Amino acid sequence: MSSVKDIKPPTAYRPDGVVELYVLEYVGFGGFKFVNDGLCDTCLVTGVQYTGDLIRIDTPDGAKYSSSLQSSIYTHKVEAFIGDISADMSSVLHTLTKRRVLPVFKTTTGRYLCFGYDAGASVSYGNQTNDGLGSTIVITAKSIHPVFEVEGQVLKELRMHSLVTVSYTHLTLPTNSLV
């Protein structure tokens, strides 16, 4: 009979479900184009009008997404952990708490999802030294819209033109940021 120690997840297994996390600053967001030039009820984004930087938040220690619907309002949340605390990290995270963002994240199934379409999402964070040294980043939004799927080509085009990486080894803010 097999024991628990014999159960091994696939190599690419991520228990939290999110493998990449990006944010767009809501101030530069001009809108989405939906499949077949339809309305947002299709929930499939085929284009984005955006001026600004696409900010990648490295999440080597995992990230997860959850949502719920109550009284016709969705509550969306992405939570990520970065194994570092530093002056640079605190500065970047503090600045993001002063802005509205659109989070876009890639799931373990390869789909890109986004929320915050109507008013953006807020960023909060906390630091800890127990249960691992690092910073927990939480991006939340209340919305009348469910999570949207974003075609991979849309994100690829954004990455080609405006990618800025925020990680615990190199932290920078977009050059056109409003502080």
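Which residues touch the most other members of the largest nonpolar core? That is where I'll start. One caution before the answer: what you see above is a predicted model.

The answer is a set of six. Leu21, Val101, Phe105, Phe115, Ile137 and Ile139 touch the most other members, in a core of 22 residues. Where does this core come from? Several elements each supply at least two of its residues. On the strand side they are β1 (17-25), β4 (54-57), β6 (73-82), β7 (101-107) and β10 (134-143). The helix α1 (87-96) belongs on that list too. In fact the largest share, 4 residues, comes from α1.

Let's look at one of those six, Val101. Leave out residues up to four places away in sequence. Val101 then touches Val23, Leu24 and Tyr26. Val101 also touches Leu96, Gly120, Ala121, Val123 and Ile139. Ile139 is itself among the six we started with.

There is a second core, separate from the one we just saw. This one has 17 residues. Phe29, Leu102, Tyr112 and Val154 are among them.

Now back to the helix, α1. Which of its residues are buried? They include Met89, Val92, Leu93, Thr95 and Leu96. These residues cover an arc of only 160° around the axis, so they sit on the same side of α1. Here is the background. An α-helix has 3.6 residues a turn, so residues three or four places apart point the same way.

Next, strand β7. Thr107 lies in this strand. Is Thr107 buried or exposed? Its relative accessible area is 12%, and the limit for buried is under 20%, so Thr107 is buried. What does its side chain meet? The side chain of Thr107 makes a polar contact with the side chain of Thr109, at 2.7 Å. Setting aside neighbours within four places in sequence, Thr107 is in contact with Gly17, Val18, Val19 and Leu113.

On to the aromatics. How many aromatic pairs are there? The count comes to 12. I'll show two of them, and Phe34 is in both.

First, Phe32 and Phe34. Their ring centres are 6.1 Å apart. Their planes stand at 80°, so the pair is edge-to-face. Both residues are buried.

Then Phe34 and Phe148. Here the centres are 5.3 Å apart. The planes are again at 80°, so this pair is edge-to-face as well. What does the pair link? It joins distant parts of the chain. Phe34 is in strand β2 (residues 29-34), while Phe148 is in strand β11 (residues 148-150). They are 114 residues apart. Phe148 is buried, as is Phe34.

Step back and you find one aromatic cluster. Its members are Tyr26, Phe29, Phe32, Phe34, Tyr117 and Phe148. Two of these names came up earlier. Tyr26 is touched by Val101, and Phe29 belongs to the second core.

Let's turn to charges. Side chains of opposite charge can pair when their charged atoms come close. How many salt bridges does the structure hold? It holds 6. Three of them are worth a look.

Take Asp58 and Arg56. Their side chains meet at 3.0 Å, N to O. Asp58 is partly exposed, at 21% relative accessibility. Arg56 is partly exposed too, with 25%.

Next, Lys77 and Glu79. Their closest N and O atoms are 4.0 Å apart. Lys77 has a relative accessible area of 32%, which makes it partly exposed. Glu79, at 25%, is also partly exposed.

The third is Asp37 with Lys33. The closest N and O atoms here are 3.6 Å apart. Lys33 is partly exposed, at 43%. Asp37 counts as exposed, at 60%.

Stay with Asp37 for a moment. Where does it lie? In the loop between β2 and β3. Its phi is near 50°, a positive value in a residue other than glycine.

Asn36 is found in the loop between β2 and β3 (44-50) as well. Asn36 also has a positive phi, of about 55°, although it is not a glycine. Is Asn36 buried or exposed? At 73% relative accessibility, Asn36 counts as exposed.

So, to recap. We have a core of 22 residues and a separate one of 17. We have 12 aromatic pairs and 6 salt bridges. And in the loop between β2 and β3 we have Asn36 and Asp37. That's it from me.

Note on methods: Residues numbered from 1 in each chain as written. Predicted model: local features only at pLDDT ≥ 70, side-chain atom pairs only at ≥ 80, totals over all residues. Heavy atoms only, no water. Core = buried A, V, L, I, M, F, W, Y, C linked by side-chain atoms within 4.5 Å. Buried < 20%, exposed > 50% of the residue type's maximum accessible area, 1.4 Å probe, protein only. Contact = heavy atoms within 4.5 Å. Polar contact = N/O pair within 3.5 Å; in protein donor to acceptor, adjacent residues only side chain to side chain. Phe/Tyr/Trp six-rings, centres within 6.5 Å; stacked < 30°, edge-to-face > 60°. Arc of directions from axis to C-beta.
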